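Thanks for making the time this morning. I would like to walk through one model with you, and please stop me wherever a statement seems to go further than it should.

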Amino acid sequence: MTDIAPRATRRVASPGGRRRLNGGGPRAGTIFAFVIPFFLPFVLFYLVPVGYALWQSVRVVRRSGGQYGTSYTTFGGFEQYGKVFQNDEFWSSIGRIGLFGIVQVPVMLFVALVIALLLDTPLLRLKSVFRIAAFMPYAVPGVIAAIMWSYLYSPQLSPVVDLLNDIGLKPDFLGPGAVLWSAANISTWLWTGYNMLIMFSALQSIPQELYEAAKLDGASNWAIAWRIKVPIIAPSIILTTVFSIIGTLQLYAEPAVLRQISSNISSTFTPNMLAYAVASGNNYQQAAAISVVIAVITFVLSFGFMRLTSKRAGL
């Protein structure tokens with residue numbers, strides 16, 4: 001009897017005994033089964049295309065035996081990137097999209113913030129109706145939205161243009177000085193509701209006790225909005241700004257659709273349109289280099305903005 005209890009105790013105290021008592025530890029196969037539904041698509045549809053684009057961007061097409069000789073593809077180092085940085089159309093598209101972002105992004109986010117604050121105030125009635133109305137444009141696909149606004153911009157078809165002409169304004173939404181802002185208007189209409197929803201969700205997480213304490217101190221609704229709500233949801237504002245910077249450098253659908261009715265939008269109007277135009281000419285290596293440069297610029301701007309604003313916001 002005296003020997004059985006210690007041996008049983010040793011079995012329980014042993015590592016194997018602990019595993020049996022706990023019902024078994026996590027198995028590698030189980031963890032892998034949970035990870036693979038994300039990891040496999042991530043590798044196939046993100047890492048592999050990115051790696052292939054990087055590989056293509058360092059290759060060049062050569063010809064043996066003169067101009068009409070046999071073509072072959074070989075390693076070219078940074079030759080394609082040198083051509084990108086020497087391309088005036090590339091820098092023009094970057095400058096155009098930079099101007100677009102400097103104006104459109106602050107306007108869009110300010111409108112989204114104002115709508116979110118209005119929806120969060122207790123003074124507004126029919127909040128559900130206004131929230132759905134503000135978010136509804138985001139439910140419209142980007143190409144469909146661009147086609148719809150193209151109809152409203154067209155001098156031959158638009159009832160809005162006819163009305164403005166009747167009162168003597170005579171707008172030219174597709175003119176050389178206005179077509180960029182016409183595309184900006186489409187993007188603002190399309191994405192304001194999306195950014196508003198992120199900000200409004202952040203506002204809903206603020207404890208109501210803060211508002212009650214501020215009102216006891218004599219703060220007005222305006223002071224509560226700009227001195228309490230806006231600073232607290234600063235991380236959400238930063239997040240929407242980063243998303244907007246990324247989206248700006250990826251701008252394609254709106255100007256591509258407007259190009260069908262306006263001669264003031266070229267095939268190289270934005271960096272993405274330039275990459276597509278180059279690829280359409282079967283110069284896939286050059287297009288890959290342009291895409292990689294766009295990706296690097298996007299990363300630098302978004303990450304730099306996030307670091308700068310996070311430090312100032314104390315995040």
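**Surface, salt bridges and cores**

Let me begin with a single side chain: Phe39 is partly exposed, with a relative accessible area of 43%. It is found in helix H3, which covers residues 28-57, and together with Ile31, Phe34, Val35, Phe38, Phe42, Tyr46, Leu47, Val50 and Leu54 it forms a nonpolar patch on the surface, whose accessible area adds up to about 990 Å².

Before going on, I should say plainly that this is a predicted model. The mean pLDDT of the chain is 87, and 90% of the residues reach 70 or more. The stretch to treat with care is residues 4-24, where pLDDT stays under 50 and where the model has seven contacts beyond four places in sequence.

As for the overall picture, the chain has 15 helices and two strands, and of its 315 residues 34% count as buried. The chain exposes about 19400 Å², of which carbon and sulfur atoms supply 66%. If we take the contacts between residues at least 6 apart in sequence, 63% of them join residues at least 24 apart.

Now to the charged pairs. As a general remark, side chains of opposite charge can pair when their charged atoms come close. How many salt bridges does a search of the whole structure find? The search finds three, and I will take them in turn.

In one of them, Arg62 pairs with Glu79, and the closest N and O atoms are 2.9 Å apart. This pair links distant parts of the chain, since Arg62 is in strand S1, residues 59-64, while Glu79 is in helix H4, residues 79-85, and the two are 17 residues apart. Arg62 counts as partly exposed, at 31% relative accessibility, and Glu79 likewise counts as partly exposed, at 28%.

Glu79 also forms a salt bridge with Lys83, with the closest N and O atoms 3.7 Å apart. Here both residues lie in helix H4, four residues apart, which is about one turn of the helix. Lys83, at 41% relative accessibility, counts as partly exposed.

The remaining pair is Asp120 with Lys229, where the closest N and O atoms are 2.8 Å apart. It again links distant parts of the chain, with Asp120 in helix H5, residues 88-120, and Lys229 in helix H11, residues 221-232, the two being 109 residues apart. Are the partners of this pair buried or exposed? Asp120 has a relative accessibility of 10% and, because the cut-off for buried is under 20%, it counts as buried; Lys229, at 8%, counts as buried too. As for the other salt bridges, shared partners join Arg62, Glu79 and Lys83 into one network.

That brings me to the interior, and I would start from Met196, which sits in helix H9, residues 179-204, and which counts as buried at 0% relative accessibility. Which residues does Met196 touch, leaving aside those up to four places away in sequence? They are Ala112, Ile115, Ala116, Leu119, Arg131, Ala134 and Phe135. For Ile115, which is 81 residues from Met196 along the chain, the separation between the two C-alpha atoms is 6.7 Å.

Met196 also appears in the largest nonpolar core, which has 21 residues; there, Leu113, Ala116, Leu117, Met196, Met199, Leu203 and Ile233 touch the most other members. Helices H5, H9, H10 (208-216) and H11 each supply at least two residues of this core, and H5 gives the most, with eight. There is also a second, separate core of 16 residues, which includes Ile97, Trp149, Ile186 and Leu258.

To draw the threads together for the discussion, helix H5 contributes the most residues to the largest core and also carries Asp120, whose salt-bridge partner Lys229 lies in H11. On the surface, by contrast, I would keep in view the nonpolar patch that includes Phe39, and I would remember that pLDDT stays under 50 over residues 4-24.

Technical notes. Residues numbered from 1 in each chain as written. Predicted model: local features only at pLDDT ≥ 70, side-chain atom pairs only at ≥ 80, totals over all residues. Heavy atoms only, no water. pLDDT = per-residue confidence, 0-100. Contact = heavy atoms within 4.5 Å. Buried < 20%, exposed > 50% of the residue type's maximum accessible area, 1.4 Å probe, protein only. Areas by Shrake-Rupley, 256 points an atom, 1.4 Å probe, with all protein chains shown as cover. Patch = residues over 30% accessible without salt bridge, like charges linked within 9 Å, V, L, I, M, F, W, Y side chains within 5 Å. Salt bridge = Lys/Arg side-chain N within 4 Å of Asp/Glu carboxyl O. Core = buried A, V, L, I, M, F, W, Y, C linked by side-chain atoms within 4.5 Å.
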